[in-house]
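Biologist: Please take a close look at the surroundings of the ligand, and describe in one connected account what encloses it and what touches it.

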Amino acid sequence: MRDHMPSVWPEYHDIAAIPSENVLAVVGFGDACTRASVCVPMRQLGSQRVAEVWRSDSGKVQGGKHGDVSFVSTNGAMFGTVRVAGDRSTDAAAYAAYSAIVEAIRSAGYPHLIRAWNHLGGVNLEEDGVERYKRFSAGRHDALTGYGFSREQFPAASAVGMSERGLLIYFLAGREAGEQVENPRQVSAYEYPPQYGRRAPSFARATLSGSEIFVAGTSSVVGHESVHVGEVIAQLDETLANLEVIISTAAARRGAKSSLGDLLGAKVYIRNASDYDAISARLREAMPQSTFLFVESDICRSDLLLEIEGVVRIA
Ligand code: 3EB
């Protein structure tokens, strides 16, 4: 039933050592977009220049385009990107982007959204009195529900800023549905009260797909509230507690045991570059096995100072 999704997973490699076999896509960041199929305008922190390399257990990759969505696919998995210019309201941009994504994945035969990365220029700025992130949430919700997606079909996601205008989304879709996992320490995002936007955010805390746990962008949120406002290390510790719980909960669904230390790699979005030294030192200690990509980025709530995402392979 569950293992039709071939394994696809991200690896973080120095841009001088990007592998060439079984690569589905390369996501570059900032000025390090060598060989990148998609380049996210976001400054990397630290001395290394790293790319997010999407590997798969199949070497055969096909490319295609549907509307504004470019994609590559292999067996049962599709990796796609869409970019919308910043010349209209953010609700309309998100609605257009998610409509294009759903049209593309359905027409290509990969109708299940597994994981999405949302990058939004000026994410915390107000647009006619409403924060862009809230407008984004509304447009995403209206598009997905308009196409018949139920909350159990929302993908795991990250939602962060970027240093250019507009909206840049990349995503993973499957021929087979993933399985959503929610975090018992947190209210499901799709049940958030209206203070976070007129439509609740349409994402899952994690998706199980193939042998992977795709963990959504995770922050210092308990219940539905941001906690430890203004305290970056306390936010980091709360984020790690959230990651631990979502990873162990997801693994338990497959009768497995996994924890924070099993993250293959982690991407860390840091609002204030001056926090990089303290955050990176603590993370490398907490997760000595993991590889990291650190970027400077706004987070979708203005009181959040960091967000961490990653992937675990269940043995
Ligand atoms: C949170 O837990 C923090 O709207 O897609 C994290 C990951 C967050 C994804 C999204 C938002 C999103 O609510 C914010």
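Modeller: In sorting the residues around the ligand, Ala, Val, Leu, Ile, Met, Phe, Trp, Tyr, Cys and Pro are counted as nonpolar, Asp, Glu, Lys and Arg as charged, and the others, Gly among them, as polar. This is a predicted model, and under that sorting the shell around the ligand divides into nine nonpolar, three polar and four charged residues. Of the 16 residues around the ligand, those that come nearest are Y133, R140, Y192, R205 and C300. Two of these are an arginine and a tyrosine whose side chains reach oxygen atoms of the ligand: a polar side-chain atom of Y133 lies 2.5 Å from a ligand oxygen, and a polar side-chain atom of R140 lies 2.7 Å from a ligand oxygen. A further pair involves R205, where an N or O atom in the side chain is 2.9 Å from an oxygen atom of the ligand. As for the enclosure, the ligand taken alone exposes 360 Å², and the protein buries 100% of that area. The space that the ligand takes is the largest cavity.

Turning to the secondary structure behind this shell, the elements that give two or more residues to it are the helix α2, spanning 132–146, and the strand β11, spanning 156–162. The largest share, three residues, comes from β11.

One covalent feature can be added to this picture. A search of the whole structure finds one disulfide, which joins C33 to C39 with an S to S distance of 1.9 Å. The torsion about the S-S bond of C33 and C39 is about 80 degrees, and the disulfide is therefore right-handed. In general terms, a disulfide is a covalent bond between the sulfur atoms of two cysteines.

Technical notes: Residues are numbered from 1 along each chain as its sequence is written. This is a predicted model: local features need pLDDT of at least 70, side-chain atom pairs count only at pLDDT 80 or more; totals for chains, interfaces and linings use all residues. Side-chain values use heavy atoms; hydrogens and water are left out. A residue is near a molecule or strand if one of its heavy atoms lies within 4 Å of it. A polar contact is a pair of N or O atoms within 3.5 Å; within protein, one must be able to donate a hydrogen and the other to accept it, and residues adjacent in sequence count only if both atoms are side-chain atoms. Accessible areas come from the Shrake-Rupley method with a 1.4 Å probe; for residues, only the protein chains shown count as cover. On a 1 Å grid over the protein atoms alone, a cavity is a set of points where a 1.4 Å probe fits but cannot get out, and a pocket is an open set with protein on both sides within 12 Å along at least five of seven lines; lining residues have an atom within 4 Å of a point. A molecule sits in a cavity or pocket if more than half of its atoms lie within 2 Å of its grid points. Helices (H or I, at least four residues) and strands (E, at least two) are DSSP runs, numbered from the N terminus. A disulfide is a pair of cysteine sulfur atoms within 2.5 Å.
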